[in-house]
Amino acid sequence: MALEDTFAFLNTEEFGTTCQIGGGSNFVGILDSPMDVIAGGVALSREYLLMAKTSDVSSAARGASITVASEAYTVRENRPVDDGLFSELLLSKD
């Protein structure tokens with residue numbers, strides 16, 4: 001069954017968390033921080049990925065400051081997902 005409201009899961013009662021780019025307006029995103037095994041299994045690397053509506057993060061250019069759940073991050077990359085309704089921000093923790 002298709003979702004009637006594409007943005008239904010972007011709420012702070014479920015998975016979403018409050019975010020802000022610079023001093024702009026608040027929006028809701030979903031932060032994921034998967035751990036990757038690198039260097040032939042010798043080291044671990046954590047990535048920070050934020051999924052949000054493209055219209056909310058269109059101003060997030062490389063080097064922009066962003067706050068996610070009161071934690072400071074820097075945008076490394078802003079890339080559209082599939083049809084571009086959502087974008088995924090690759091972040092580094094400050």
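Glu71 is partly exposed, with 38% of its relative area accessible, in this predicted model. Its side chain meets that of Lys93 in a salt bridge, with N and O 3.8 Å apart. The two partners come from distant parts of the chain: Glu71 sits in strand β7 and Lys93 in strand β8, 22 residues apart. Lys93 is partly exposed too, at 41% relative accessibility.

## Salt bridges

How many salt bridges does the structure hold? There are three, and here they are with their N to O distances.

| Salt bridge | N to O distance |
|---|---|
| Lys93 and Glu71 | 3.8 Å |
| Glu77 and Arg79 | 3.6 Å |
| Arg79 and Glu88 | 3.0 Å |

Look at Arg79, which turns up in the pair with Glu77 and again in the pair with Glu88. Shared partners of this kind join Glu77, Arg79 and Glu88 into one network.

Are the members of that network buried or exposed, or something in between? Glu77 is partly exposed at 36% relative accessibility, and Arg79 is partly exposed at 28%. Glu88 comes out at 19%, and because buried means under 20% relative accessible area, Glu88 counts as buried.

## Two strands side by side

Strand β7 covers residues 71–81 and strand β8 covers residues 86–93. The two run antiparallel, and eight bridges join them. One spot to find on this pairing is Glu77, which stands opposite Leu90 in β8. That is the Glu77 that also forms a salt bridge with Arg79.

Between β7 and β8 comes a loop, and Asp82 has its place there. What is the phi angle of Asp82? It is positive, about 50°, although Asp82 is not a glycine. Asp82 is also exposed, with a relative accessible area of 81%.

Ala69 is another residue to check for its backbone angle: phi is positive here as well, about 50°, and Ala69 is not a glycine. You'll find Ala69 in the loop between β6 (65–68) and β7. Ala69 counts as partly exposed, at 43% relative accessible area.

## Stepping back to the whole chain

Now for the wider picture. The protein chain has one helix and eight strands. Follow the sequence from start to end and the elements come in the pattern β-β-β-β-β-α-β-β-β.

Which strands close into the barrel? Six of them do, in the order β1-β2-β5-β8-β7-β6, with antiparallel pairing. Going from one strand to the next, the twist averages 45°.

As for overall dimensions, the C-alpha trace spans about 45 × 35 × 25 Å along its principal axes. The chain has 94 residues, and 27% of them count as buried. Its accessible surface comes to about 6,000 Å², and 49% of that belongs to carbon and sulfur atoms. Then there are the contacts between residues at least 6 apart in sequence: 38% of these join residues at least 24 apart.

## A patch and a strand start

Over on the surface, Met35, Val37 and Leu44 make a nonpolar patch of about 310 Å². Leu44 belongs to strand β4, residues 43–46. Is Leu44 buried or exposed? With a relative accessible area of 59%, Leu44 is exposed, because the cut-off for that is over 50%.

Finally, have a look at Ser65 in strand β6. Ser65 is partly exposed, at 46% relative accessibility. What does Ser65 touch, once its neighbours within four places in sequence are left aside? Ser65 is in contact with Gln20, Ile21, Gly22 and Tyr73. Glu88, the buried member of the salt-bridge network, lies 23 residues from Ser65 along the chain, and the C-alpha atoms of the two are separated by 15 Å.

Key. Residues are numbered from 1 along each chain as its sequence is written. This is a predicted model: local features need pLDDT of at least 70, side-chain atom pairs count only at pLDDT 80 or more; totals for chains, interfaces and linings use all residues. Side-chain values use heavy atoms; hydrogens and water are left out. Two strands pair if DSSP finds at least two bridges between them. Helices (H or I, at least four residues) and strands (E, at least two) are DSSP runs, numbered from the N terminus. Axes are lines fitted to C-alpha atoms, for helices over the stretch in contact, and angles run from 0 to 180 degrees between N-to-C directions. Patches are made of residues with over 30% relative accessible area and no salt bridge: like charges are joined within 9 Å, nonpolar side chains (Val, Leu, Ile, Met, Phe, Trp, Tyr) within 5 Å. Accessible areas come from the Shrake-Rupley method with a 1.4 Å probe; for residues, only the protein chains shown count as cover. A salt bridge is a side-chain nitrogen of Lys or Arg within 4 Å of a carboxyl oxygen of Asp or Glu. Buried means under 20% relative accessible area, exposed over 50%, partly exposed in between (1.4 Å probe, protein chains only). Contact means heavy atoms within 4.5 Å.
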